[in-house]
Amino acid sequence: MAYDNKGAGDSRGNRPNNNRGGNGHGNGGYHGKGGDSRGRGNGDKGGFRGSKGQGGYKKRDGERKFDRDDNRGGYKGGKPQGGYKGRGDRDDRGEGRKFDRDNRGPKRDFKRDDNRGGYKKRDGERKFDRDGGRGGRDFDRKPRGDRRDGDHDFKKGGYKKDFSRDERKFDRDNRGPKRERSFDGDRRDDRRFDKRDGGKLEGRGDRRFDDRPKKRFDDDKRGFKPRRDDDRLDAQVDDDTPRSEYREHRRKGEGYRGTGGGYRKPKGQVHVTPARQAACAIGRVVRERNAYVAEVTPAVLAKFQGISPEDAAFATKIARGVTATVGTLDEFINRNMKTPNDIDEVVRDAMRVSAYELLFLDKPAYVVVDQGVELVCSVAPKAGGLANAVLRRMSESAKTFPFGNPNLSLQVLARSQAFPMWLAKRLMNEMTLPKATAFMHACNTDAPVFIAVNSVKGDFEQIEEAFDQAGSLLEPSEDVQGCYRVKEARSLRSADVRALFEAGELLVSDEGAQTVAQLAMPAEEPASFLEIGSGRGTKTILLQSAAHRAFGHCVPMTSVDDHEFKGKILGERCAAYGIDTVEPLTADARTLSQKLPEASFDAVLLDAPCSGVGTLRRHPEIRWRLKPEDITSMASINLDLLIEATKMVKPGGVITYATCTVFPEENEQVVERFLKTKFGEQFEIEEQVQTTLTTNGPDAHYAARLRRRA
C-alpha cells in the first residue's frame with residue numbers, strides 16, 4: 001500500500017476513482033478532526049472531512065499519514081467504530097505523528113476484506129496491517145466466551161478493557177488458538193460465534209449461542225408484534241385443558257411453527273376439532289344454498305364419519321348460533337379488518353364460528369384463536385396469517401362487546417341480542433321495551449324439548465317408564481293433553497326412547513303447535529277435515545291424535561300443500577304413525593276453489609305462511625333473512641288465503657286461522673280485516689289463543705277459531 005494523504009486546507013479537488021481510504025466517508029483508517037477541505041472523488045467512499053467515517057486514526061496534533069490502497073476511513077469521519085485515537089493538541093493536519101508501519105508487529109490474517117470494527121486505544125502506539133480493514137479487530141481470535149470476565153464489552157468498536165487507558169494492551173499471545181472463520185455477506189458488525197466450536201458466553205449461563213430461542217412474530221400490517229406463548233396452543237386438547245398443557249404440546253413441537261414474519265402452518269397437520277369443522281361445513285351449505293339449518297345438519301354430520309355424539313351436538317349448537325347471529329358476527333369481524341370486502345366467503349364462514357364462540361359462548365380467547373386459525377387453514381391454507389392477525393384483534397375487541405350500554409341505546413341492545421336494528425325497534429314499539437328485551441333474550445336461548453304422545457299408538461305408562469330409565473322426568477302441560485316437556489334432552493338419545501319414536505308413539509313438537517292443533521279440532525266430530533299448509537305433516541299427526549283422544553278414531557282429512565314432495569313425506573309419516581285417513585293434495589291455496597268444491601268441509605285449519613318471528617330460536621335463519629316489507633306482504637297474502645279457505649267451510653262449520661308470529665299485523669289485524677269483508681260477515685270469532693315465547697315455555701303462536709253462521 002502507498003501512503004496517500006488526501007487533501008488538506010481548503011481544496012475541493014476530485015479524488016481518484018478507487019481511492020477508498022481518502023477522507024471522511026470511510027469506516028476505518030486515519031480519522032482526524034481538523035480541516036475545512038471537502039474533497040470528493042467519483043468512486044470515493046471516503047472524503048476529507050466526510051460525514052460517516054466509522055473508525056480510523058484520530059489525532060489532534062501531529063503529522064498524520066496513511067499507507068494503504070483501499071482505506072475506508074478518513075480524516076475527521078463521523079461515528080467512529082474502532083481504530084486508533086490520539087489526543088494531541090490540534091495544530092496542523094499535515095504535521096505531527098506518523099503512522100509507523102514497521103512497528104506494527106506480525107501481520108494478522110483477516111478472512112474478509114472489509115472488517116468493520118477495530119481496536120480502540122486512546123494513547124500509545126497503534127498499528128494496522130490489513131487490506132481494506134475498517135478498524136483493527138481480528139476476527140480469527142479466540143471466541144469471546146473464553147476470555148476473562150471483565151475484559152470486554154459488546155459495544156461496536158472492538159475490544160475494550162475496563163481499566164485505565166495507559167495500562168491497556170492488546171495481548172495477541174493469550175488469545176488462544178487461531179480459528180478459521182467464514183463470513184457471508186457484507187455485514188457491519190458480525191459477532192456471531194461459530195456454532196461448530198460450541199462457544200460460550202460467560203455471564204449468560206451455559207447456553208450455546210444457537211440454543212437461543214427464536215422469536216415468533218405476527219405478520220400484521222401495522223407492524224411486527226411478538227406472539228405470546230399463551231396463544232401457541234395445541235387444538236387437539238380439549239377446551240377445558242389448562243394453558244400449561246397447551247404450552248407443553250407446543251414445546252414438544254406440535255402445532256404452529258411461526259418464524260419471523262407471521263404464521264406458518266406445518267404441512268399436513270390439522271388440529272381443529274371435528275365439531276368446529278362440522279359447524280363450519282353446515283354454515284357453508286346454509287349460505288350457499290340459502291337453506292335451513294335443521295334440514296342440512298343431518299346430511300352434513302353424516303359426512304363426518306366417527307364423530308362423537310358430543311361433537312355432533314356441539315357442532316349443531318354452533319351452526320344454529322352462527323346462523324342466528326350472523327349479522328352481528330359479520331359486523332364484529334368487519335370491525336377488526338381494514339379491508340373486510342377482500343375476505344373469501346369460505347374464510348368468513350370459518351371466522352364466524354370463532355366470533356360466535358367469543359361473543360356468545362364465552363370460550364377462552366386463547367382456545368378460540370388457536371382453533372380459529374386451524375379452522376381457517378383447513379378451508380384456505382394460505383389465509384392462516386390473515387386469520388391469526390384478525391382473530392387476535394377480535395379476542396381483544398370482544399372484551400368491550402357490545403360497545404356501549406344496552407340500557408341507553410337501542411342499537412347497542414339490538415347488537416347485544418344479535419337482532420337487526422329494524423326488528424328490535426319494531427318489537428319495542430309493539431311490545432314495550434321490557435317485553436321486547438325479554439323476547440329477544442329468549443330467542444337466543446336453547447329451545448325446550450316438548451313431545452307429543454300419539455294416542456293412535458302410544459301407551460303413556462310405557463313412555464313414562466322409558467324416560468325414567470333414561471334419567472329424565474316428563475313434565476305434563478297444563479293446557480294441552482298428551483303434551484310433555486322433557487327436562488333432560490339427552491334422554492332422547494336413549495335406545496328405549498329412540499325406539500318409541502321409531503315406532504311412531506312419540507313425536508317432537510312445540511307446546512304452541514300442539515295448542516293450535518287442539519283448538520282446531522272441534523268438540524263435535526267432523527265428517528271431513530281440510531288442512532291447508534300441511535308441510536311435512538307434524539300438525540296433521542297432532543290433529544289426528546287429538547281426534548283419536550276425543551272420538552276414539554281418526555277422522556277423514558285432506559291435506560293441501562303447494563309442494564308435491566311434501567305430500568310424499570306426509571304420506572310416509574302418517575303410515576309410520578298408524579294414520580290411514582289422510583289424503584295429500586298438491587294445490588295453490590289461493591285458488592283452492594278450482595280444486596275442491598266450496599262449502600264441503602266441517603272444519604278447516606289454515607296454517608298460514610308468516611314471518612315466523614315467534615319461532616326464531618327453532619328457525620335461526622329467519623331474523624337476518626326477514627325484511628321489514630315482508631311482514632306487510634305476508635299479511636296481505638294471508639288475507640287472500642283466509643278468504644279463499646273460508647269458502648270451503650260448510651254453514652255451521654269452523655275455520656281456524658293460525659300463525660307463528662308476534663306481530664298484530666299478521667295476526668289479529670288479518671282476522672279483523674277479513675271480518676269487514678262482505679264474505680267475512682258470515683263468520684264470527686269463537687275463540688282465540690296466543691302463546692308467549694319464554695325461556696322454558698313454548699314458542700309464540702297465534703290462533704283464532706271462527707264459526708260460519710248456519
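This passage describes a charged surface patch, a mostly covered helix and a loop residue in a predicted model.

The surface carries a negative patch made up of D459, E461, E464, E465, D468 and D496. Four residues of this patch, its largest share, are contributed by helix α12, which runs over residues 460-469. One of the patch residues, E461, is located in helix α12. The relative accessibility of E461 is 62%, and E461 is therefore classed as exposed, the cut-off for that class being over 50%.

Helix α8 covers residues 384-397 and contains 14 residues. At 1.5 Å a residue, a helix of this number of residues should span 20 Å; the C-alpha atoms at the two ends of α8 are 20 Å apart, so the expected and computed values agree. Most of α8 is covered, with 11 of its 14 residues buried. The buried positions in α8 are G384, A387, N388, A389, V390, L391, R392, R393, M394, S395 and S397. Buried here refers to a relative accessible area under 20%.

A503 is found in the loop that links α13 (495-502) to β8 (506-508). With a relative accessible area of 29%, A503 is partly exposed, because this class lies between the buried limit of 20% and the exposed limit of 50%. In sequence, A503 is 74 residues apart from Y577, while the C-alpha atoms of A503 and Y577 are 7.4 Å apart in space.

How values were computed: Residues numbered from 1 in each chain as written. Predicted model: local features only at pLDDT ≥ 70, side-chain atom pairs only at ≥ 80, totals over all residues. Heavy atoms only, no water. Patch = residues over 30% accessible without salt bridge, like charges linked within 9 Å, V, L, I, M, F, W, Y side chains within 5 Å. Areas by Shrake-Rupley, 256 points an atom, 1.4 Å probe, with all protein chains shown as cover. Salt bridge = Lys/Arg side-chain N within 4 Å of Asp/Glu carboxyl O. Lys, Arg positive; Asp, Glu negative; His and termini not counted. Charge placed at Lys NZ, Arg CZ, Asp CG, Glu CD. Buried < 20%, exposed > 50% of the residue type's maximum accessible area, 1.4 Å probe, protein only. Expected span 1.5 Å × (residues − 1).
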